[in-house]
Amino acid sequence: MTSVRTTCAYCGVGCGIIATETDGKVRIEGDPQHPANHGRLCSKGLALGETLGPSTRLARPTVAGTPVSWDIATQTVADRLGKIIGEHGPDAVAFYVSGQLLTEDYYVANKLMKGFIGSANIDTNSRLCMASTVAGHTRAFGADVVPGDYADLEEADLVVLVGSNLAWCHPVLFQRLKAAREKRGTKVVVIDPRRTESSDIADLHIPIMPDGDVLLFGGLLADLHENGLAPTAYTRAHVNGYADTIAAAKADAPALRAALKARGIEQETEAFYRLFAGTEKVVTVFSQGVNQAHNGTDRVNAIINCHLATGRIGRAGMGPFSVTGQPNAMGGREVGGLASMLAAHMGFADADRALVQDFWQSPTIAGSPGLRAVDMFDAIHDGRIKAVWIMATNPAVSLPNATRVRAALAKCETVIVSDCVAGTDTQAYADICLPACGWGEKDGTVTNSDRTISRQRAFRAPYAEARPDWRIIADVAAAMGFGNAFAYDGPADIFREHAALSGFRNAGGRAFDLGGHAAIGPTAYESLQPGQWPRRADGSTNKRLFADGHFFTGDHKAVMVPVRHRPSPTVPGRRYPMLLNTGRYRDQWHTMTRTGLAPTLSGHRPEPLLDIHPDDARALCLQDGGFARLSSRHGQATVRLRVSDDQKPGELFLPMHWSLTHAGQALAGSLIGPEVDPHSKQPAFKTTAVRLDPAPMVWWAMLFGRTPPDLPETDYWTRTRLKNCHLTRLAGADTGQLENLAAHLKAGEGGWLEVWDDGAQSMRMAHLEQDRLTAALFAGPHLAGISPAWLDSLFAEPCLSADTVGTLLAGRSRTAGPDEGPIVCACFQVGRHRIEAAIRENRLATADAVGAATCAGTNCGSCVPEIKSLLQKEAKVHAA
């Protein structure tokens with residue numbers, strides 16, 4: 001039994017993990033010594049051990065679908081890239097990389113593309129998450145710097161959450177904030193168009209209009225000015241642009257008044273302004289709701305402006321705080337993984353280009369920014385880019401205008417995909433697939449949202465023929481003739497070079513500085529403890545930045561950026577009268593290539609549900625749990641509905657995770673257009689004009705199988721993994737589809753038990769091989785009483801008893817206790833039925849009492865808001 005300290009593979013919190021492997025099984029615990037989480041983990045982190053199986057791994061390199069040796073695969077990649085570069089120039093190739101890469105992987109990829117191929121056409125899926133923050137930071141501070149520390153959440157007197165559902169997207173930080181609120185009375189304001197789970201601890205929720213952030217914070221700035229709270233002495237001494245910025249904010253005042261009145265939030269906004277004005281120690285946390293917008297960069301600067309105007313930055317419990325979406329989005333920004341950056345936070349000025357080329361001793365250097373993600377795939381579609389290497393990401397699902405992205409990949413001359421999993425939507429278009437190490441096999445570093453660099457350590461051998469990403473890239477570089485510059489023995493060599501570049505000719509003029517690690521050896525690298533940058537050569541560092549008023553602009557002053565409200569270009573109209581917002585679910589991650597493997601993460605929201613306000617549902621004759629057809633100018637989806645007054649009328653919410661691997665027609669990216677922020681080029685995922693129409697279904701089905709079956713044409717299906725089998729939920733508007741499904745399942749196979757009820761239009765089937773269950777189908781207009789947990793358990797049995805076979809088609813056991821129902825607490829697998837029973841039988845009145853009785857809500861706490869809603873529901877029933 002060995003235990004290894006490593007770092008979580010999911011969000012930008014960067015939680016420390018202790019992984020212990022015993023007899024092939026991995027136990028996951030939070031690392032109590034890690035400064036990000038102090039031992040806490042969320043449901044996804046706890047379930048990482050469930051995602052390490054081999055069933056979906058990419059095992060061997062392939063070329064044109066044929067397994068080949070690594071030597072052949074590497075040379076084929078090098079030859080194809082070299083041929084295209086020779087015929088069409090370096091800008092005819094591109095790398096599309098990922099925040100799932102480690103910093104060392106990122107560094108090698110960026111070095112190869114910008115210093116040796118000579119193009120800046122390398123961009124990362126972080127473009128979809130945090131590019132607007134990068135642009136906003138750079139405009140304000142002169143560098144992409146998060147000035148604060150996670151401890152600021154615990155030292156602030158007011159925390160403002162803007163476009164951030166911290167409870168679901170960064171649960172460990174939410175728990176730190178919640179604990180601070182309980183301990184010291186921290187006030188919390190949530191600014192979000194919909195009421196999210198984060199509102200559970202809010203003193204004030206402002207359901208802002210979806211494009212209202214610039215107006216709201218411009219109004220706050222004007223209010224601070226009018227009440228004599230801005231500018232401060234700090235602002236006068238260390239900040240440029242105050243007068244122009246105030247003038248811009250005042251010019252938007254009429255638009256602000258009209259918007260607040262239309263939304264009905266004048267009182268909430270005034271309360272927020274008074275709270276911000278009267279509280280010195282304020283942290284403003286923002287995330288994708290700010291960044292993923294047509295004016296995301298301006299939103300970022302509108303927030304930063306308020307902190308610069310009041311001098312609330314760089315001190316304990318104060319500052320703007322961007323929380324990132326991926327485990328190493330920050331590391332990618334540091335090495336230059338964005339097309340708009342060169343390396344080590346340097347840009348494309350002649351002096352920066354000369355410095356980096358001199359350090360790398362490279363034959364060339366990229367001369368200007370490359371194509372950003374959306375533009376990159378447009379160039380692939382148009383034939384300007386003829387080869388793309390996609391690393392550790394799934395753009396066929398995650399990019400906007402996904403149908404066009406798929407068409408681009410289908411047309412591209414050479415598509416190379418390196419990934420740890422097989423069968424992604426993107427790999428369907430790959431000419432060359434390269435198996436990469438997955439989490440648990442990778443060795444390197446990641447940087448979290450508060451600039452803490454942590455080691456991600458391997459605790460198991462690479463699967464099959466998988467290799468580290470850095471080695472795959474370095475071997476291709478060598479095959480292209482650049483071997484001397486990529487002769488790394490391991491990740492410690494790469495990190496040392498990365499650190500040395502950051503400190504090269506850096507006398508304090510560049511924010512990013514790891515010069516203190518420029519001579520790090522393998523032993524020190526292996527034992528490297530979590531720590532924030534900068535780590536300068538003289539040993540100095542900063543927990544927080546900018547309290548001294550020193551910024552990284554030409555005159556060392558910050559810049560307040562004048563921003564004006566610019567309405568969203570996707571305003572609802574007659575054809576598309578509603579507005580669609582997209583985002584994350586609590587227990588899922590990106591395109592579910594990892595979380596989709598974990599049975600414990602599938603129980604809370606096993607299907608992608610479209611949230612809709614009750615008034616809209618009534619107007620469209622839609623019911624909770626029913627189906628609807630969602631359409632935009634770019635695509636369509638068929639979804640099940642969740643009626644909720646958390647939504648505002650006219651606005652919808654759809655999760656982003658489901659790909660064509662996990663659902664038939666629920667690809668959020670196919671609905672979203674290619675509109676991007678003009679400064680960051682980040683797509684606007686939060687405001688898409690859509691139309692919603694009823695999609696009545698006459699039959700529903702649950703199909704259980706040991707392996708996911710191929711399906712005939714069906715109006716709706718989604719698939720989740722249970723502990724012992726796969727569960728596919730289906731629905732259709734035509735009973736002929738159900739008959740085709742039954743015939744498809746039975747084709748060529750005997751051993752089926754069947755019960756048909758033509759009157760009730762229901763059908764139940766099960767297939768056994770030597771009394772071992774291999775598949776079961778339950779279909780009809782109603783499926784009440786079917787127990788997925790019991791049926792799943794039968795797939796673990798080597799042989800079913802005659803009594804079990806006799807009850808199999810009932811779909812539930814005669815003797816088993818109550819079914820858990822939909823999972824509420826993923827950490828402890830506590831279902832809604834158990835919680836409701838505990839509340840009724842024990843007359844429980846608080847979430848703490850429910851936790852004591854069932855354990856639900858006692859780990860990461862992200863299910864506590866749902867527990868409270870069940871308590872309220874039971875209280876209403878009792879009162880009636």
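**A walk from a cavity to the whole chain**

Let's start inside this predicted model, at the lining of its second largest cavity, where the residues divide into 10 nonpolar, 3 polar and 1 charged. Together, 14 residues line this cavity. If you want to find its centre on your screen, look for Cys 8, Tyr 10, Cys 11, Cys 15 and Cys 42, which lie nearest to that point. Two helices also take part: α1 (43–46) and α7 (171–184) each supply at least two residues of the lining. The space enclosed here comes to about 100 Å³. The second largest cavity has company, as the structure holds 8 cavities of 30 Å³ or more.

Now let's move along the chain to helix α12, which runs over residues 266–277. This helix has 12 residues, and the distance from its first C-alpha to its last is 17 Å, close to the 16 Å expected at 1.5 Å a residue. Which residues of α12 are buried? They are Thr 269, Phe 272, Tyr 273, Phe 276 and Ala 277. These residues sit on the same side of α12, because they cover an arc of only 125° around the axis.

Finally, step back and take in the whole protein chain. You can follow 29 helices and 34 strands along it. The radius of gyration of the chain is 27 Å, close to the 29 Å that the globule rule gives for 880 residues, so the chain is as compact as a globular protein of that length. Along the principal axes, its C-alpha atoms fill a box of roughly 80 × 70 × 55 Å. Of the 880 residues, 62% count as buried.

How values were computed
Residues numbered from 1 in each chain as written. Predicted model: local features only at pLDDT ≥ 70, side-chain atom pairs only at ≥ 80, totals over all residues. Heavy atoms only, no water. Helix = DSSP H or I, 4+ residues; strand = E, 2+ residues; numbered from the N terminus. Expected span 1.5 Å × (residues − 1). Buried < 20%, exposed > 50% of the residue type's maximum accessible area, 1.4 Å probe, protein only. Arc of directions from axis to C-beta. 1 Å grid on protein atoms, 1.4 Å probe; cavity = no way out; pocket = protein on both sides within 12 Å on 5 of 7 lines; lining within 4 Å. Points joined across faces, edges and corners; volume = space filled by probe spheres on them. Nonpolar A, V, L, I, M, F, W, Y, C, P; charged D, E, K, R; others polar. Rg over C-alpha atoms; globule rule 2.2 N^0.38 Å.
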